[in-house]
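I opened this notebook to record what I looked up on the protein and its ligand. The entries run from the ligand shell to the overall fold and then to a single residue.

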Amino acid sequence: MSYKAPVEDIDFVLNEVLELDRAFKETKFNGTVDKEISNSVILEASKLAENSFHPVNALGDSQGCHLNNETGKVNVPDGFKAAYDDYREAGWSSLSAPEAYGGQGLPLVINCALNEVFAAANISLSMYSGLTHGSIVALKEYASDTLKSAYLEKLVTGQYSGTMCLTEAHCGTDLGLIRTKAIPSQNKELGLQMFEVSGSKIWITGGEHDLTDNIVHLVLAKLPDAPNGTKGISMFLVPKFLPDCSKNGVICTGLEHKMGINGSATCFLSFENAKGWLVGEPHQGLKYMFSMMNSARLMVGMQGLGLAEAAYQIALSFAKDRRQGRSVTGAAEPQEQADCIMVHPDVRKMLLQQKVLIEGCRAMSYWVALQEDLAEHAQDAQDREDANDMLALMTPVVKALLTDHGSLCCDLAVQTLGGSGYTKDWAVEQHYRDVRISRIYEGTNGIQSLDLVGRKLARKGGKSIQAFIKMVQSQIDLEQDSLIKEKLTHGVSVLNRALGWLMKAGMADKDQAAASATAFLKLFGTVALAYFWSLSAMTAEKKMAQGEKSPLLTSKLKSAHFFFAHCFPEVDYLIQAVEAGNDTIRVFELDEF
Ligand SMILES: Cc1cc2nc3c(=O)[nH]c(=O)nc-3n(C[C@H](O)[C@H](O)[C@H](O)COP(=O)(O)OP(=O)(O)OC[C@H]3O[C@@H](n4cnc5c(N)ncnc54)[C@H](O)[C@@H]3O)c2cc1C
């Protein structure tokens, strides 16, 4: 079944809920980015996603990537190269990249919408360019001008792609354990001192492939004088091909066999005295990698959202067609042998759960991406700082909540199709497998929760979470719908209660806060979704009061009511899960598991 980009809802979020033209008034985008621009960009990109990326999605899954052991080259699935070239030639890789390096300088929030659409159409193919964006962010921020002029423009135009080489067999989450070494060499290239990098990295996305002329690896490694742990990590730029076009000592020794994203080459890379340059200062690699990972975390959130949307479209289309049983209140279509399964409340509920999680997460994540633009481009320094604080607070929430809900929605889509959902005849089973990794890479969702609770809440004395609560309070004051007003008020009180518990119990014993972190993130994320449902419904009502009418607008208030009735009550369970802390966990001895 074909995928159709949800352009109407994307337009609604960008231009009505977030009011991009108003949000950008005090930025460099004032007067240049409006509804017309954003809609034409989204429409054009959607055509490419639907007509180039999506048609090779299932083939990519069944064919996978192949390593030629003799040449060390990896071939991506058939059709991927042509689709990637279409993408690159149309300029999509450079959309929000800086103009100084050949980019088009459009807002990241528009790019965020494209990330959703391309991931939905073909997550595996979208990853080759997705990680490149992170490399651009890190190099732009920290690399020397020489490295920038040698590599940035080619990354921006998609002629080169980028990787993130962190993981080793013995270290994933705990990067302080990295063993890859970098030794200063006597040689210079591009007028800069070279280093020889040696070690083995595993599971490197896009580590080797035939889509681009060169691959720029950003490698975490340790210098000979490195302090122990994460303080001793440096970042190196190690290209597949050196400036003289000779092949560098980066060898793909294998490909991982995985449950999903089979068209994405997940590589074992051996660095054998590979030549590279230090990026920025020695021993600052982890900080640099985080700038790259923050951008990648939002992108992974969009993968969760995109695949949820793609699976929902299939589930909805199936449910509108499939006939089984009769409505419990009597035959809806007596002339037919059976009613359409859309008559069954349980089926409708599964579909509506997908719909409200998807639309709520879309509004929330695009708003977070907008903070990224404001953090960089707002004219006022205080506005930049406030947006940056909000971005820092919300990044782990977008990554974890959207990928958890992405997995849940794909699961519900499989369930909606019944046995058909479990078969290869329908693409939902691929989406269900593909989406699962999004909860693991770029820092597992457990680690996102610890980041939120351990770092982001307390940052600057809790300024950002208080600003968030203030924003919700203002919405409560504006809300006219008594049910939504009451629920949102309850959400704030439960959130405050959870924060109070974390402050008290977590300060006394850090394991208490760690045990509650995933429940807290979900609680916070659910209150954030509640805020965006209130805002979306109010926006739709306002438009209808002005005489506009469409199923999208009429469905928003109904969807908000469904969300508050069927999804929001989870906060009452989650507050109990937060307050349960570590007491019933820590009592277990190892042999009692
Ligand atoms: C398909 C795929 C693509 C990938 N792409 C890349 C890539 O491009 N570049 C790259 O460098 N890596 C990549 N990775 C690696 C990925 O980022 C790691 O798998 C991930 O960070 C988790 O590390 P790990 O698998 O070693 O799990 P571990 O770190 O061993 O964790 C195992 C479990 O323990 C938990 N845990 C670990 N430490 C803590 C802690 N301190 N507190 C609480 N819980 C903890 C984790 O949440 C997890 O549930 C990829 C992996 C896959 C499968």
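Entry 1, terms. I count a residue as near a molecule if one of its heavy atoms lies within 4 Å of it. For the elements, I take helices and strands as DSSP runs, numbered from the N terminus. I also note that the model is predicted.

Entry 2, ligand shell. I listed the residues around the ligand and found 19 of them. The closest are Met-164, Thr-167, Thr-173, Trp-203 and Thr-444. I then sorted the shell by residue class: 11 are nonpolar, 6 are polar and 2 are charged.

Entry 3, polar atoms at the ligand. I looked up which protein atoms face its nitrogen and oxygen atoms. A nitrogen atom of the ligand has a backbone N or O atom of Met-164 at 2.7 Å. For Trp-203, I found a polar backbone atom 2.8 Å from a nitrogen atom of the ligand. Thr-444 takes part through its side chain, where an N or O atom is 2.6 Å from an oxygen atom of the ligand. I next looked up the cover: of the 960 Å² of accessible area that the ligand has on its own, the protein covers 62%.

Entry 4, elements of the shell. Two or more residues each come from strand S3 (160-165), strand S5 (192-205) and helix H13 (445-456). Which element gives the most to the shell around the ligand? I find that S5 does, with 3 residues.

Entry 5, overall fold. I counted 18 helices and 9 strands in the secondary structure of the protein. The radius of gyration is 24 Å, close to the 25 Å of the globule rule for 593 residues, so the protein is as compact as a globular protein of that length. Along the principal axes, I read a C-alpha trace of about 80 × 65 × 55 Å. Buried residues account for 58% of the 593. Of the contacts between residues at least 6 apart in sequence, 74% join residues at least 24 apart. The accessible surface is about 24800 Å², and carbon and sulfur atoms hold 52% of that.

Entry 6, Gln-303. I located Gln-303 in helix H8 (residues 285-321). Is Gln-303 buried or exposed? Its relative accessible area is 2%, which is under the 20% cut-off, and I therefore record Gln-303 as buried. Its side chain makes a polar contact of 2.7 Å with the side chain of Tyr-441. Leaving aside neighbours within four places in sequence, I find Gln-303 in contact with Ala-119, Ile-123, Met-127, Ser-438 and Tyr-441.

Definitions and conventions
Residues numbered from 1 in each chain as written. Predicted model: local features only at pLDDT ≥ 70, side-chain atom pairs only at ≥ 80, totals over all residues. Heavy atoms only, no water. Polar contact = N/O pair within 3.5 Å; in protein donor to acceptor, adjacent residues only side chain to side chain. Areas by Shrake-Rupley, 256 points an atom, 1.4 Å probe, with all protein chains shown as cover. Helix = DSSP H or I, 4+ residues; strand = E, 2+ residues; numbered from the N terminus. Nonpolar A, V, L, I, M, F, W, Y, C, P; charged D, E, K, R; others polar. Rg over C-alpha atoms; globule rule 2.2 N^0.38 Å. Buried < 20%, exposed > 50% of the residue type's maximum accessible area, 1.4 Å probe, protein only. Contact = heavy atoms within 4.5 Å.
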